[in-house]
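Student: I am new to this structure. Please pick one part and take me through it closely, step by step.

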Amino acid sequence: AEGQTPLCLQWKDESCSRYPIDTDANGNVLEKQSVVLQLGEDQRTLCTGDCPPIALGALPQDFVEQNSGLLNSGTLFRCNIGARGFDFAPDGRPVGA
């Protein structure tokens with residue numbers, strides 16, 4: 001196989017990024033980490049920018065209904081991830097943060 005595996009394309013560590021973990025000006029790890037996700041084609045799921053995108057969560061249905069005229073596929077959302085990190089389904093798929 002030629003090229004990088006999907007895991008390599010998603011991996012972020014000190015070998016490929018100066019800032020693998022968000023820190024303050026003194027280098028202290030922040031309580032919550034931030035990630036930018038994009039709104040999927042269904043205008044509800046929040047996905048990575050990978051090809052193909054990986055769905056990591058979904059907007060609450062009431063939020064989608066209240067903002068239906070403002071939501072477009074590809075809209076970017078900045079999300080904060082707390083100490084629990086991501087939640088995974090039994091099959092290993094991420095289901096939330």
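Tutor: Start with T75. At 27% relative accessibility, T75 counts as partly exposed, because buried means under 20% and exposed means over 50%. Keep in mind that this is a predicted model.

Where does T75 lie? T75 sits in the loop that links helix 2 (61-66) to strand 4. Its side chain has a polar atom 2.7 Å from the backbone oxygen of N72.

Now look further along the chain. Setting aside neighbours within four places in sequence, T75 contacts L37, Q38 and L39. Take L39 from that list. T75 and L39 are 36 residues apart along the chain, yet their C-alpha atoms are separated by 5.2 Å.

Turn to L39 itself. Residues up to four places away in sequence are again not counted. L39 then touches R44, T45, L46, L59, L71, N72, S73, G74, T75 and F77. So N72 appears twice in this picture: L39 touches N72, and the backbone oxygen of N72 lies 2.7 Å from a side-chain polar atom of T75, as the definition of a polar contact allows.

L39 also belongs to the largest nonpolar core. This core has nine residues in all: L37, L39, L46, L56, L59, V64, L71, F77 and C79. Strand 1 (33-39) and strand 4 (76-81) each supply at least two of these residues. In soluble globular proteins, nonpolar side chains tend to be buried together.

Next, the strands. Strand 1 and strand 4 run antiparallel and are joined by six bridges. Q38, which T75 contacts, has L76 of strand 4 as its bridge partner. Q38 also stands opposite C47 in strand 2. Strand 2 covers residues 45-47 and pairs with strand 1 in the antiparallel sense, over two bridges. Strand 1 and strand 2 form a hairpin, with five residues between them. In that turn, Q43 has a positive phi of about 60°.

Step back to the sheet. Four strands form an open sheet in the order 3-2-1-4, with antiparallel pairing. Strand 3 (55-58) and strand 4 stand at the edges, each with a single partner strand, so one side of each has no neighbour in the sheet. The twist averages 45° from one strand to the next.

To return to the starting point: T75 is partly exposed, lies in the loop before strand 4, and contacts L37, Q38 and L39.

Terms used:
Residues numbered from 1 in each chain as written. Predicted model: local features only at pLDDT ≥ 70, side-chain atom pairs only at ≥ 80, totals over all residues. Heavy atoms only, no water. Core = buried A, V, L, I, M, F, W, Y, C linked by side-chain atoms within 4.5 Å. Buried < 20%, exposed > 50% of the residue type's maximum accessible area, 1.4 Å probe, protein only. Contact = heavy atoms within 4.5 Å. Pairing = 2+ DSSP bridges. Axes fitted to C-alpha atoms, helices over the stretch in contact; angles between N-to-C directions. Polar contact = N/O pair within 3.5 Å; in protein donor to acceptor, adjacent residues only side chain to side chain.
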